Amino acid sequence: MCGILGVVATTPVNQLLYDGLMVLQHRGQDAAGIATAEGNTFHLHKGPGLVRDVFRTRNMRALPGNWGIGHVRYPTAGSAYNFAEAQPFYVNSPFGIVLGHNGNLTNAEQLKDEMFRLDRRHINTNSDSEVLLNVLAHELQNSAHGYELDVESIFDAVAGVHRRCRGAYAVVALIAGYGLLAFRDPHGIRPLVYGKNETEEGTEYLVSSESVALDTLGFQMIRDVEPGEAIFIDLNHQFHSRQCAQQPVYAPCIFEHVYLARPDSVIDGVSVYEARLAMGESLAEKVKQHIPVDEIDVVIPIPDSSRPAAMQLAQALGIPFREGFVKNRYVGRTFIMPGQAMRKKSVRQKLNTCGHEFRGKRVLLVDDSIVRGTTSREIVEMARAAGALKVYFASAAPPVRFPNVYGIDMPTRSELIATGRTDEGIAQEIGADALVYQDLEALKAAVRSMNPNLTVFDASCFDGCYVTGDVDADYLDAVEGRRAGKASAKSEDDGDGKASQQLVLQLAESGVRD
């Protein structure tokens, strides 16, 4: 998960990009970068940390130009910060290109090999975003008329990217001397929207991961970029678009609505806030089936993203809704932090209890999801320490039982508390008196109720069905092996093979595609 922005304006864009990245800060706190274009010259500054820490006045002054892209990074490998992998990335051959990418390529290793052996391009980092940039550069070279590009050749290059790249990718890129390009993978897994602003000097355009950036920067939202679609704004501010994928399938990531996106965003025609309210409605029905309502005195959300669901759940159950936790907003998301020890330490720094809301009460805690269980366990302990008689727990999302390979940092089975455990076993692990999970079909229905045209979702972390069709047990073993610093996770299981066999069985039972 990262945040990307692209701006075509009639005045300098550095402040617009900075303000937009501040709004998208929730999508990545590891690093930030801005690239602007002034004529055929790119200006680039990027670094580790939050937007406010990366950019000082002197940095902003060094970013002139009316065109630009921005990026906030969230590492998907679960590793510590690597400056070389901060974005945007730049390549100078055959055209000057700077690129920002949100998502994760599932065939990055294959593409790296092709880049070296066939395309004669050098990849300098472990980032799949640099791979994607070089694939785009190579396809532009193949589609160009000599050393000249036109709109159709640019779109042909994007079509070439779609043929070669698998996985999730929403992209913004500047092509020196030509304009701003943005495109989305053929499944539309990661979000991308665009809008415009009419000025006396001409039309301005903004492309963003979420609509909230359009709202705050004064742009009128036009629509989402369709799966497989590319849009291009040339130097004359002329807007062009084309469907570049042969068989696009609308399958957005449903976890965006559960947790990742801001509640004031509209993604794929769905209000994130209203979708979360609908999740609360359906979760209330599930709670009624498992916990006697008269045994719950109060409903308390785990701030912040669970608040709409918890509020609607409390109303549906006729139980008081209270704020029992106070959040320290100067501590980053525990879900994003790379090390388990750092993640556990930060939970109590991040939240504190309002003791009177727990003392002598039977409380139902509501969270958006349970991934590793670290935060949930700590929060249950905090509720009991504050005097709660009983602590029930409800998740607005189903159990996360499978790795996510499309850009969310939960790639190993060992980190997922739901893998290999029943709901009762998970409740015991986090110390809750009872645990209620949302049903997957109810979650899909909640999001679909806002946009009936969404018939397919990427819900792979819940059901193990990977919509790109190229993820199997061997692939997931390899991901875990690389993460552990080993050549292959399979070598760990050579003694008895049980772990690999278990994953194969899980994937088969869940309908994973070969």
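This passage walks through the fold of one protein, from its overall make-up to a few individual contacts. The model is a predicted one.

To start with the big picture, the protein's secondary structure comes to 17 helices and 21 strands. Of its 514 residues, 62% are buried. The surface adds up to about 19700 Å², with carbon and sulfur atoms supplying 47% of that. As for contacts with a separation of 6 or more, 71% of them link residues that sit 24 or more positions apart.

One part of the fold that is easy to pick out is an open sheet of four strands, in the order E16-E19-E20-E21 and with parallel pairing. Strand E16 (298-301) and strand E21 (434-437) are the edge strands, as each of them pairs on one side only. Neighbouring strands in this sheet are turned by 25° against each other on average, ignoring direction. Strands of a sheet, it helps to recall, pair through backbone hydrogen bonds, either parallel or antiparallel. Inside this sheet, strand E19 (residues 362-367) runs parallel to strand E20 (residues 390-395), and six bridges join the two. Here Val366 stands opposite Ala394 in E20.

Two helices lie across these strands. Helix H12 lies across E19 and E20, at about 150° to E20, while helix H13 (residues 423-430) lies across E20 and E21, at about 125° to E21. How far should H12 span? The helix has twelve residues (374-385), so at 1.5 Å a residue 16 Å is expected, and the 17 Å between its end C-alpha atoms agrees with this. The buried residues of H12 are Thr374, Ser376, Glu378, Ile379, Val380, Met382 and Ala383. After the helix comes Gly387, which has a positive phi, near 110°.

Charged side chains add links of another kind, with a count of 28 salt bridges. In one of these, the side chains of Arg190 and Glu256 meet at 3.2 Å, N to O. Arg190 is in the loop between strand E8 (179-184) and strand E9 (193-199), whereas Glu256 is in helix H8, so this pair ties together parts that are 66 residues apart in sequence. Both Arg190 and Glu256 are buried. A second salt bridge joins Arg372 and Glu415, whose closest N and O atoms are 3.7 Å apart. Since Arg372 lies in the loop between E19 and H12, and Glu415 in the loop between E20 and H13, the pair ties together parts that are 43 residues apart in sequence. Arg372 and Glu415 are both buried too.

Glu441 and Lys444 form another salt bridge, at 3.8 Å from N to O. These two both lie in helix H14 (residues 440-448), three residues apart, or about one turn of the helix. Is each of them buried or exposed? Glu441 is exposed, because its relative accessible area is 53%, and Lys444 is buried, because its own value is 14%. Salt bridges can also share partners: in this way Arg27, Arg190, Glu210 and Glu256 are joined into one network.

Glu210 turns up again around Ser265. Where does Ser265 sit? Its place is the loop between helix H8 (255-260) and strand E14 (266-267). With a relative accessible area of 1%, Ser265 is buried. Leaving aside residues up to four places away in sequence, Ser265 touches Glu210, Ser211, Val212, Val270, Ser271 and Val272.

Note on methods: Residues are numbered from 1 along each chain as its sequence is written. This is a predicted model: local features need pLDDT of at least 70, side-chain atom pairs count only at pLDDT 80 or more; totals for chains, interfaces and linings use all residues. Side-chain values use heavy atoms; hydrogens and water are left out. The expected span of a helix is 1.5 Å times one less than its number of residues. Buried means under 20% relative accessible area, exposed over 50%, partly exposed in between (1.4 Å probe, protein chains only). Contact means heavy atoms within 4.5 Å. Two strands pair if DSSP finds at least two bridges between them. Axes are lines fitted to C-alpha atoms, for helices over the stretch in contact, and angles run from 0 to 180 degrees between N-to-C directions. Accessible areas come from the Shrake-Rupley method with a 1.4 Å probe; for residues, only the protein chains shown count as cover. A salt bridge is a side-chain nitrogen of Lys or Arg within 4 Å of a carboxyl oxygen of Asp or Glu.
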